[in-house]
Amino acid sequence: MSNKHEEKAELQKVNEALSRSEQFIEKNQKRLLIALAAIIIIVAGVIIFRNFYLGPKEKEAQEMIFIGERYFAVDSFKVALQGDGAEFIGFEGIIDDYGATKTAKLAAAYAGLCYKSMGENEKAIEYLSKSDADDIMVSPALVGAIGDCYVELGKLEKAVSYFEKAADANNELLSPIYLMKAARVYESLDKSGKALKIYERIKKEYPLSQEGLDVDKYIERAKTQK
């Protein structure tokens with residue numbers, strides 16, 4: 001008898017719990033539907049933005065930057081930056097008009113290199129810092145270019161940090177170049193011990209590079225200075 005009474009009480013608890021759940025859903029149904037609709041709208045918006053807006057904008061930006069690359073290749077840096085007054089809006093125009101695209105990041109890299117070539121190093125750093133190159137061959141070169149700009153500005157401590165960051169990409173072609181630049185900056189800062197470590201790293205990790213083939217004389221010089 002006791003068992004039946006307990007089962008009945010348990011069943012009543014379950015029914016009460018279900019009833020409360022139903023009441024909650026009924027009471028909050030409007031809110032739940034609004035929340036669900038909001039999620040659907042956000043997801044749909046992202047899909048539409050990518051497929052119907054960003055896709056065509058990316059294509060337009062790529063066609064535009066192709067013209068800029070031709071100006072850049074012949075050292076027409078001002079035209080490459082600001083446009084030709086006709087069909088090309090310039091790298092800066094691409095950044096402004098197509099800012100959500102990947103091509104705008106590439107335009108920022110080109111703009112930075114243009115300003116660097118024109119000797120406007122602060123502007124160069126501003127634009128190079130906006131670029132976001134994923135290409136393993138390109139990215140360390142842009143980081144290293146920021147280091148070059150800081151050298152021109154006399155900010156050697158900052159410069160060496162960028163050279164070392166560029167070298168850390170472990171790029172067979174570029175890493176020894178930026179290691180050599182970092183070591184020379186350390187020497188100019190009277191930090192021969194740090195310079196020596198980098199020269200020895202070049203010898204160990206990149207012995208067949210041009211820098212590796214010439215590094216012994218720099219190692220001896222750093223030892224003498226130390």
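**Helix 6, its salt bridges and the nonpolar core**

Pro140, Leu142, Val143, Gly144, Ala145, Ile146, Gly147, Asp148, Cys149 and Tyr150 are the buried residues of helix 6, where buried means under 20% relative accessible area, exposed means over 50%, and partly exposed is in between (1.4 Å probe, protein chains only). Helices here are DSSP runs of H or I with at least four residues, numbered from the N terminus. This is a predicted model, so local features need pLDDT of at least 70 and side-chain atom pairs count only at pLDDT 80 or more, while totals for chains, interfaces and linings use all residues. Residues are numbered from 1 along each chain as its sequence is written, and side-chain values use heavy atoms, with hydrogens and water left out.

Helix 6 covers residues 139–152, and its length checks out: at 1.5 Å a residue, its 14 residues should span 20 Å, and its end C-alpha atoms are indeed 20 Å apart. The expected span is taken as 1.5 Å times one less than the number of residues. The helix is mostly covered, with 10 of its 14 residues buried. Those buried residues pack against helix 4 (102–117), helix 5 (121–130), helix 7 (156–167) and helix 8 (175–188), with contact meaning heavy atoms within 4.5 Å. After helix 6 comes Gly154, which has a positive phi near 80 degrees.

Now for the charged pairs. A search of the whole structure turns up eight salt bridges, each being a side-chain nitrogen of Lys or Arg within 4 Å of a carboxyl oxygen of Asp or Glu. Lys116 pairs with Asp148, with the closest N and O atoms 3.9 Å apart. This pair ties together distant parts of the chain, as Lys116 sits in helix 4 and Asp148 in helix 6, 32 residues apart. Asp148 also forms a salt bridge with Lys181, and here the closest N and O atoms are 2.8 Å apart. Again the link is between distant parts of the chain: Lys181 belongs to helix 8 and Asp148 to helix 6, 33 residues apart. Put together, Lys116, Asp148 and Lys181 are linked in a network of salt bridges. Asp148 is buried, at 17% relative accessible area, whereas Lys116 is partly exposed at 28% and Lys181 is partly exposed at 29%.

Helix 8 takes part in another pair, in which the side chains of Arg221 and Glu187 meet at 2.7 Å, N to O. This one joins helix 10 (residues 210–225), home of Arg221, to Glu187 in helix 8, 34 residues away. Glu187 is buried, with a relative accessible area of 11%, while Arg221 counts as partly exposed at 37%.

Two loop residues have unusual backbone angles, given that most residues other than glycine have a negative phi. Asn170, in the loop between helix 7 and helix 8, has a positive phi near 55 degrees and is exposed, with a relative accessible area of 51%. Asp190, in the loop between helix 8 and helix 9 (192–205), has a positive phi near 60 degrees and is exposed too, at 69%.

As for the interior, the largest nonpolar core has 52 residues, and those with the most contacts inside it are Phe91, Ile94, Ile198, Tyr199 and Ile202. Such a core is a set of buried Ala, Val, Leu, Ile, Met, Phe, Trp, Tyr and Cys residues joined through side-chain atoms within 4.5 Å. Leaving out residues up to four places away in sequence, Phe91 touches Ile65, Gly68, Glu69, Phe72, Ala80, Leu81, Ala107, Tyr110, Ala111 and Cys114.

Conventions. Helices (H or I, at least four residues) and strands (E, at least two) are DSSP runs, numbered from the N terminus.
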